[in-house]
Every structure is written in C-alpha cells, then in structure tokens.
Amino acid sequence: MTTTTSHVPESGGPADGVAAARPARLIHAESTTEIPVHLLFREEPAAPPAEAPPLSAVVAHRPAPAKEDRDTRDIGVRARTAAPGVDPEITERPARVLPGIAGVLAGVCGAAGCAVTAWWAGVLPPLAVETLGLSVRAGGLGPGPWAAFAGAGALGLFGFGGLARGRTGRAWVLELFGRYRGTVRGTGLLWVNPLVLRRRVDVRLRHWRGEPLPAADRGGVALRVAVLVVWRVRDTARATLGIEDHEGYLRACVEAALLRVPVAAPGAGRGAVQATQDALTRLVAADAAPVGVEVCAVRPLRVEYAPEVAAAMHRRRMAALDARHRASVVGSVVDSVEDTVTRLTMRGLLDLDDGERQVLVKDLTVAFCAGRGETGP
C-alpha cells in the first residue's frame, strides 16, 4: 500500500503563496478508495487553505485469492520450476530405412555373386556343378576372384543382415558410432543399416501399480498410498538417450509428487479424491514430459493410514461414529416422548399439571432409552 502526502506550510510563514500542491499519484488496481490526507494526519479540526486543496492518497484493495486458487497456483508454479532441463538436440526424428524387399534382393544378389565367383575360380563343389549342369572350370582364387568374392559376400551380408521386422507398438532407436540417427516406428519387413546399434523401445500405453508410498493428508497425518500410473513413451530419443532409466525416473517422480500433494484421507468424498488425482497427474506429467514420457493419469488405488497412526485414527473414527449414533438416538427418543405426551393430552386421556408432566416425560425418556439400548445396534 502506497500513500502520497504533501506538506502544506502554515499561514503567515515565509512560504505562503509559494508552495504549490504536487499532483497526486494513483496506484491502479482492481478497486481504489480515496482518503484525504489531511484527515489522516490532523490532530484537531482545521479547514485547509483555499490555495492548497487537500490531496488524496489512493489505497488499493486487492481481493485475496481463494484457498483453492492459491493451492492450484502453487502446484502449477512448483511443477514449472521442478521440470529438469532438456537438451534441445535430443529429439525424436524418423530414421532412413528401406523396404525389406530391397534387403532380400541385395542378399540374393550377393549370394548369387559368391556362387558365380566360386564357379569361375573353379572352387565350386563338383556335386553343385553337376546339379546345376555347369562345366567344370580349372583355375584358382587369384586377386580378381578374391575381390569379386569379397564384394559379393559383403553385399549378401549387408542385404540379409539388415533385415528387421517392425511390430506395432514397438520402435527402434538407432545409433551409429554414438550418434543418434533416428527412430524406426514402421511395421512389417524393413531393411536397416546393419552397422547401427538398435535399441528397442516399447511405445504402447502402459501402466504399473506401485507399492504403498508415504504421503500425508491436509492435516499432516501420515498415509500410505498405492497408485496406478498410466503412461507411455512419447519421444523415444529422450526416453532412451536423455536419461539412463526412464521407468525408474517415473517412479521417482510419483514418489516426489505424493510428498508434495495433500492426499484425500480414507473415506473422503469423490470430489476430494478427484482433486487429488488431478493434482498428482499434473505434477507427474510436468516432471516426466522433458524426458519424453507422457503421463495420462495417476490414480490413488488404496489409501490407508500409516502403521504408527492407524490405531489412533481408528479410535478417533469410532468415537466420531459413536457420538453421531448417540445424537441420533437422543433425537429420536425426544421426538417419541414429545409425540406420546402430546397425543395423551390432546385426546383427553390425561389431565396433568406441570409437575406431573415433567415426571411423565422423565419416565418415558428413561423407558425409551432403555429400550433403544437393548435393541440398538
């Protein structure tokens, strides 16, 4: 709150008629209230000079945000500040692959080239020569046949060695000499460079149910919560190369979120449980997004009190239930006594004075309470 004041010299002083009023500064906010400064600081009523009109200080009143808005804003700020840094160069991009038929043709050509070179050099087995109906050649493996045999063998190895089968829901992250070369998400028979290192990544929608983890409710009572996390790998490059173990990192994010978000206590309403689920999902998704993991939902499955406070909370809940039951019993007894006395007097069956009425009410109350105690749950 900022208040702007101006000093007005007394009458008869040397500064009469010289001092000019400074313009008042305003603070723009949602709502303002003008308060004259001379009313704030005067000790006795006195009219301000005509040449110096009273200045006004503007006090801004900003409405306080609701508690739910503050909690949501704090969680959002923590989610933004807790996100780790990401290397912008590590991002998924498609790799260059060929259809599988290209690898098959290259392999067949390489194998045929090796066979022709062996026949040309005269090292093809006689049985194969007779089966194919070829003439027997006499020669040897000189430099020319060796070079042709090596080229054909390399072609065959590259052709058959690069064949791979792509499956739905699976992807390969390719690395060549430690450098990321792309991701293969195709299905069917494909040909991939056999020199690259392939890392298989499961990109299907997955879920896991964790063990009970420590948490706390809004009152700070210790809880044990088992959650169900639904997630999948969105960016295979970041999930594989940006972090050592993305599944372990996701579990750590869930455990950290449970320590930051107040969990609905056992027996809470559906609204409180939904609010807890939304807050957990928002926090875990913000922490896991930089490493290429998409979190769809974090649902608390089982919420129970920690062993050290379970007995005390059970006694507290039983005491509350007992008090509620006693209140309902007393209310029903009072209603029954009132109805009984009213019906007796309205029908003229009894003509009672105040003392007799009090005695009758007392006896009926004791009788009804004793009956309720015998037949109650």
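These legends go with a set of close-up views of a predicted model.

**View 1. The whole protein, before we zoom in.** The chain has 377 residues, and 27% of them are buried. DSSP gives 10 helices and 12 strands. Take the contacts with a separation of 6 or more: 69% of them are between residues 24 or more positions apart. The accessible surface adds up to about 24400 Å², and carbon and sulfur atoms supply 58% of that. There are 10 salt bridges in the structure, and the next three views pick out some of them.

**View 2. Glu294 and Arg232 link two strands.** Here the two side chains meet in a salt bridge, with 3.0 Å from N to O. Glu294 belongs to strand 12 (residues 293-305) and Arg232 to strand 11 (residues 222-233), so this pair ties together parts of the chain that are 62 residues apart in sequence. How exposed is Glu294? Glu294 has a relative accessible area of 26%, so it is partly exposed. Arg232 is also partly exposed, at 29% relative accessibility. Look for Arg234 here too: salt bridges with shared partners put Arg232, Arg234 and Glu294 into one network.

**View 3. Arg260 and Asp287 link two helices.** The closest N and O atoms of this salt bridge are 2.8 Å apart. Which helices does the pair tie together? Arg260 sits in helix 7 (residues 246-260) and Asp287 in helix 8 (residues 270-288), so the bridge connects parts that are 27 residues apart in sequence. Asp287 counts as buried, with just 6% relative accessibility. Its partner Arg260 comes out at 25% and counts as partly exposed.

**View 4. Asp202 pairs up with Arg204.** These two residues form a salt bridge, and their closest N and O atoms are 2.9 Å apart. Is Asp202 buried or exposed? Asp202 is buried, because its relative accessibility of 18% falls under the 20% cut-off. Arg204, at 40% relative accessibility, is partly exposed.

**View 5. Two arginines sit over tryptophan rings.** In one case, the charged end of Arg198 lies over the ring of Trp172, 5.9 Å from the ring centre. In the other, the charged end of Arg251 lies over the ring of Trp208, at 5.0 Å from the centre. What about rings pairing with rings? The count of aromatic pairs in this model is 0.

**View 6. Leu228 and its neighbours in space.** Leu228 is part of strand 11, the strand that also holds Arg232 from View 2. With 19% relative accessibility, Leu228 counts as buried, since the cut-off for buried is under 20%. Which residues does Leu228 touch, leaving aside those up to four places away in sequence? The list is His207, Trp208, Arg209, Ala297, Val298, Arg299 and Leu301. Three of these names, Ala297, Val298 and Arg299, fall within the range of strand 12 (residues 293-305), as does Leu301. Trp208 is the residue whose ring lies under the charged end of Arg251 in View 5. For a sense of spacing, Leu228 and His207 are 21 residues apart in sequence, with their C-alpha atoms 6.9 Å apart.

Notes. Residues numbered from 1 in each chain as written. Predicted model: local features only at pLDDT ≥ 70, side-chain atom pairs only at ≥ 80, totals over all residues. Heavy atoms only, no water. Salt bridge = Lys/Arg side-chain N within 4 Å of Asp/Glu carboxyl O. Buried < 20%, exposed > 50% of the residue type's maximum accessible area, 1.4 Å probe, protein only. Helix = DSSP H or I, 4+ residues; strand = E, 2+ residues; numbered from the N terminus. Phe/Tyr/Trp six-rings, centres within 6.5 Å; stacked < 30°, edge-to-face > 60°. Lys NZ or Arg CZ within 6 Å of the ring centre and 35° of its normal. Contact = heavy atoms within 4.5 Å. Areas by Shrake-Rupley, 256 points an atom, 1.4 Å probe, with all protein chains shown as cover.
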